[in-house]
Amino acid sequence: MNQPLPLQLADLHASLSDPLLDAMTFLNEVTTRYPDAVSFAPGRPYEGFFEPGDVHGYLDAYLDHLRGRGLDHDEVRTALFQYGPTKGIIPDLVARTLANDEGLEVAPESLVLTVGAQEGMLLVLRALCATPQDVLLVSSPCYVGVTGAARLLDIATVPVPEGERGGPDPETVAAVAREVRATGRRPRALYVVPDFANPSGASMPIESRAALLDTAAAEGLLVIEDNPYGFFSREQGSRPTLKALDRRRQVVYLGSFAKTCFPGARLGYVVADQEVAAPGGGRSLLADELAKLKSMTTVNTPALSQAVIGGMLLRHDCRLRAANARATAFYAANLNTLLEELEQQFPQPLRGRLGLDWNLPEGGFFAVLTLPFNADEAAMERCARKYGVLWTPMGPFYPAGGGERRLRLSCSSLTRSQIVSGIAKLAAFIREEYVGQVCGPGEAGA
């Protein structure tokens, strides 16, 4: 019997040969190979905040809400079990929550509920980038989800380095946009995470936010704002989102309930209130155009997930910032512990001699450590195998290369004792690597 011939990778889409996809696969696999390691790798919420029994209560709250609106038994059954509107069944509740939490006054019809924020990214990029000459500018280092989505859609990305104060400097955005335009291409949009960005943890100052919007308008750029971590500040108060400052409808806003409710619901949303003019004079919202794309991909977002999240919103009077107060305090304490333990293990002048440093994020889940040696996948696996600690190499987060000597530490899913133990083990690994790679065999190093 003839054996079937294998498919040739060269005949499949080029994204499948992209090292970016291999890097994330490696990270997932190495985590399962070292299940007992202290893992600073995943940027996921702390599981202690989740209770399976709560899901039933949230679902009941949403069903009661439907009945309170006058729906009878059959109509409630249809809303929960059947295919629903492509744009979603809870845009009104999400709009109320955005008004309460972010001061964002958006019409429910400008919202599209998506299967996680990742689907929102794909829909927005597909809609905005119409020709091979359209280019997406991305803050660098950049979340691999958006660069990966662009790669799947054959959309070119051009990095805009983060400034010293956090986020992309408006002047640099303008310069990069003009460089792209000089090559005959069109800089179409800028992707940015203004609050506690993944992976860097950086945040944009308020004055930079307004200036960025002015620069984007001058350069003809739309801004794609991703805001998964905005609630989780180490300090009191919060900065306005770019969308809250948007007076020109130039910001397309990506949101998610993964960090504020729970990730297993896989529920995100897009605020796309830009007006779209058709050749014949018709008008629509960008959200309507995104819904057309969604109808040919996931068709609609599962009603069950929307119902559970909708019930959670209702239980908390559509005020997630207040509902997340305990989580915010927990993540802030974890980040403080992480930074304190790094200082304990590497006080000055020791870290100066080692050539080691880290940033001081104002909130969120992530901090970045700069090392005197390469922090690649091989180093991560050595660290996991010998010291029982996992982390994330930063290299894949730099679209144009870079970050080889930087690693990301996420402390969101750990307890305080795990952070203390993990940083001590990581410090031992770093000292050993420094002696072996930087000082050379037989030298004492630091």
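Which residue forms a salt bridge with E219? Keep that in mind as you open the structure, which is a predicted model, and let the charged side chains be your way in.

**Stop 1: E219 and its partner**

Select E219 and R178 and show their side chains. R178 is the partner: a salt bridge joins the two, with the closest N and O atoms 2.9 Å apart. This pair links distant parts of the chain, 41 residues apart. You will find E219 in the loop between α8 (206-218) and β6 (222-226), and R178 in helix α7 (residues 170-182). Now colour by accessibility and look at the contrast. E219 counts as buried because its relative accessibility is 9%, under the 20% cut-off. R178 counts as exposed because its 52% is over the 50% cut-off.

**Stop 2: two more bridges, and a network**

Next, select E381 and R33. Their side chains meet in a salt bridge, at 2.6 Å from N to O. Again the pair links distant parts of the chain: E381 sits in helix α15 (residues 377-387) and R33 in helix α1, 348 residues apart. E381 has 18% relative accessibility and so counts as buried, while R33, at 42%, counts as partly exposed.

Move on to K294 and E119, another salt bridge, whose closest N and O atoms are 2.9 Å apart. Here helix α10 (residues 286-295) carries K294 and helix α5 carries E119, a link between distant parts of the chain, 175 residues apart. Are these two residues buried or exposed? Both K294 and E119 are buried.

Before leaving the charges, select D18, R151 and D154 together: a network of salt bridges links these residues. The structure has 23 salt bridges in total, so there is plenty to browse later.

**Stop 3: the largest pocket**

Switch to a surface view and centre on A41, P42, G43, R44 and R408. These are the residues closest to the centre of the largest pocket, out of the 48 that line it. The pocket holds about 1200 Å³ of space. To see which elements surround it, highlight α1 (19-33), β1 (38-39), α5 (116-128) and α6 (144-152), each of which supplies at least two lining residues. Helix α1 has the largest share, with 6 residues. Colouring the lining by class gives 27 nonpolar, 14 polar and 7 charged residues.

**Stop 4: the second largest pocket**

Now select F49, F50, Y58, C261 and M312. Of the 19 residues that line the second largest pocket, these are the closest to its centre. Its volume is about 400 Å³. Show α2 (52-68) and α13 (325-345) as cartoons, since each supplies at least two residues of this lining. Which element gives the most to it? That is α2, with 4 residues. By class, this lining divides into 12 nonpolar, 3 polar and 4 charged residues.

**Stop 5: the cavities inside**

Clip into the model for the next stop. The structure holds 3 cavities of 30 Å³ or more. For the largest, select E102, F231, S256, T260 and Y269, the closest to its centre among the 17 residues that line it. About 180 Å³ of space lies in this cavity. The elements that give two or more residues to its lining are α4 (91-102) and β7 (251-256), and α4 gives the most, with 5 residues. In the lining of this largest cavity there are 9 nonpolar, 6 polar and 2 charged residues.

For the second largest cavity, select S139, P141, C142, Y143, E162, Y191, V192, V193, A197 and N198, which line it. About 60 Å³ of space lies there. Its lining divides into 7 nonpolar, 2 polar and 1 charged.

**Stop 6: back out to the surface**

Finish by turning off the clipping and selecting L7, L9, L12 and L16. Together these leucines form a nonpolar patch on the surface, with about 400 Å² of accessible area. Zoom in on L7, which lies in the segment before α1. L7 counts as exposed because its relative accessibility is 74%.

How values were computed: Residues are numbered from 1 along each chain as its sequence is written. This is a predicted model: local features need pLDDT of at least 70, side-chain atom pairs count only at pLDDT 80 or more; totals for chains, interfaces and linings use all residues. Side-chain values use heavy atoms; hydrogens and water are left out. On a 1 Å grid over the protein atoms alone, a cavity is a set of points where a 1.4 Å probe fits but cannot get out, and a pocket is an open set with protein on both sides within 12 Å along at least five of seven lines; lining residues have an atom within 4 Å of a point. Grid points are joined across faces, edges and corners, and a volume is the space filled by probe spheres set on the points. Ala, Val, Leu, Ile, Met, Phe, Trp, Tyr, Cys and Pro count as nonpolar, Asp, Glu, Lys and Arg as charged, and the others, Gly among them, as polar. Patches are made of residues with over 30% relative accessible area and no salt bridge: like charges are joined within 9 Å, nonpolar side chains (Val, Leu, Ile, Met, Phe, Trp, Tyr) within 5 Å. Accessible areas come from the Shrake-Rupley method with a 1.4 Å probe; for residues, only the protein chains shown count as cover. A salt bridge is a side-chain nitrogen of Lys or Arg within 4 Å of a carboxyl oxygen of Asp or Glu. Buried means under 20% relative accessible area, exposed over 50%, partly exposed in between (1.4 Å probe, protein chains only).
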